[in-house]
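Here are some friendly notes to read alongside the model. They take the aromatic rings before the sulfur links and the helices.

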Amino acid sequence: MASSSRVLRWSSLLLLTPLLGCGLTGQGTQRKAVTPQRQTVTASREKAPATSPPPKEKARGVPPAKDFARDMVAAHNQARAQAVPTPKPALPALTWSDEAAKKAASWAKACRFEHNPDRGDFGENLAAATPDTWTTAEVVKSWADEAADFDFTRNTCKKGKVCGHYTQVVWRKTGAVGCATVMCNKNSPFGSRFPTWQLWVCDYTPAGNWVGQRPY
């Protein structure tokens, strides 16, 4: 176990393992869950992901914008193609949204590991890690791995688990994603021992995780 690497994710529910996304509960019948709780649990990254990252993506840290957009879309669409149970018809591929990316970048530069309260109609997933811990593909995989904790039949997360990042990633009606990543030197969610950290913000349109609806 590498003690020098830390990863976090946010959800409307408290996480017990490494990231922030809207959960499957909300206010009223036509509102998403948008009120996060402060994440306080840290976890070491124990092993490499089972799925290899897309070709050409080897560098960690903040990648070139063009590569970042390409790899984010590819990783999201890989997760959508592998959704279980198999969606019928297949989930449509996501495209890149400059508007969503602009919203994500505007929030990311504040270096705050919490949801953007002014994101409007966008859905949102967040992730945080110490530098050189995750590639772009690994960030999305960490969200997609929550599929194991999603009870499709009951349309809920398994007891004590979080699955809202995954359901947003595979939400059928979501058509586009825009993301940003920054290196931060303030507001570290890992404490004073790890003052430098990396933040990822992905905004989705149309937003997913609507109360009472299945992802697909």
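1. Let me begin with the rings. There are six aromatic pairs by the count used here. Please keep in mind that this is a predicted model. One of the pairs is F68 with W96: the ring centres are 6.5 Å apart and the planes meet at 80°, so the pair is edge-to-face. This pair links distant parts of the chain, since F68 belongs to helix α1 and W96 to strand β2, 28 residues apart. The partners also sit in different surroundings: F68 is buried, with a relative accessible area of 6%, whereas W96 is partly exposed at 27%.

2. Another pair to look at is F113 with W197. Their ring centres lie 6.5 Å apart with the planes at 80°, so this pair is edge-to-face. It too links distant parts of the chain: F113 is in the loop between α2 and β3, W197 is in strand β7, and 84 residues separate them. F113 is buried at 1% relative accessible area, and W197 is buried at 0%.

3. Which residues form one aromatic cluster? They are F150, F152, Y166 and Y216. If you care about charge placement, look at F152 again: the charged end of R214 sits over the ring of F152, 5.3 Å from its centre.

4. Now the sulfur chemistry. The structure holds three disulfides, and with bonded cysteines counted along the chain their pattern is 1-5, 2-3, 4-6. One of them joins C111 to C184, with an S to S distance of 2.2 Å. C111 lies in the loop between α2 and β3 and C184 in strand β6, so the link ties together parts that are 73 residues apart in sequence. Both C111 and C184 are buried, and the link is left-handed, with -90° about the S-S bond.

5. A disulfide also joins C157 to C163, S to S 2.1 Å. The link of C157 and C163 is left-handed, again with -90° about the S-S bond. As for exposure, C157 counts as buried at 17% relative accessibility, because the cut-off is under 20%. C163 is buried as well, at 0%.

6. C179 and C202 form a disulfide too, with their sulfur atoms 2.1 Å apart. C179 is in strand β6 and C202 in strand β7, so the bond ties together parts that are 23 residues apart in sequence. Here the link is right-handed, with 105° about the S-S bond. C179 and C202 are both buried.

7. Turning to helix α2 (residues 98-108), its buried residues are A100, A101, A104, W107 and A108. Viewed down the axis of α2, these residues fall within an arc of 130°, so they line one face of the helix. The general background is simple: an α-helix has 3.6 residues a turn, so residues three or four places apart point the same way. What covers the buried residues of α2 includes β2 (95-96), β3 (123-129), β6 (176-184) and β7 (197-205). On the face turned away from the buried side, α2 carries the exposed residues D98, E99 and K102.

8. A last small point concerns N77 in helix α1 (residues 65-81). Is N77 buried or exposed? N77 is buried, with a relative accessible area of 19%. Leaving aside residues up to four places away in sequence, N77 touches A93 and L94.

Key: Residues are numbered from 1 along each chain as its sequence is written. This is a predicted model: local features need pLDDT of at least 70, side-chain atom pairs count only at pLDDT 80 or more; totals for chains, interfaces and linings use all residues. Side-chain values use heavy atoms; hydrogens and water are left out. Buried means under 20% relative accessible area, exposed over 50%, partly exposed in between (1.4 Å probe, protein chains only). Helices (H or I, at least four residues) and strands (E, at least two) are DSSP runs, numbered from the N terminus. The arc is that of the directions from the helix axis to the C-beta atoms. Contact means heavy atoms within 4.5 Å. A disulfide is a pair of cysteine sulfur atoms within 2.5 Å. Rings of Phe, Tyr and Trp (its six-membered ring) pair if their centres lie within 6.5 Å; planes under 30 degrees apart count as stacked, over 60 as edge-to-face and the rest as tilted. A charge sits over a ring if NZ of Lys or CZ of Arg is within 6 Å of the ring centre and within 35 degrees of the ring normal.
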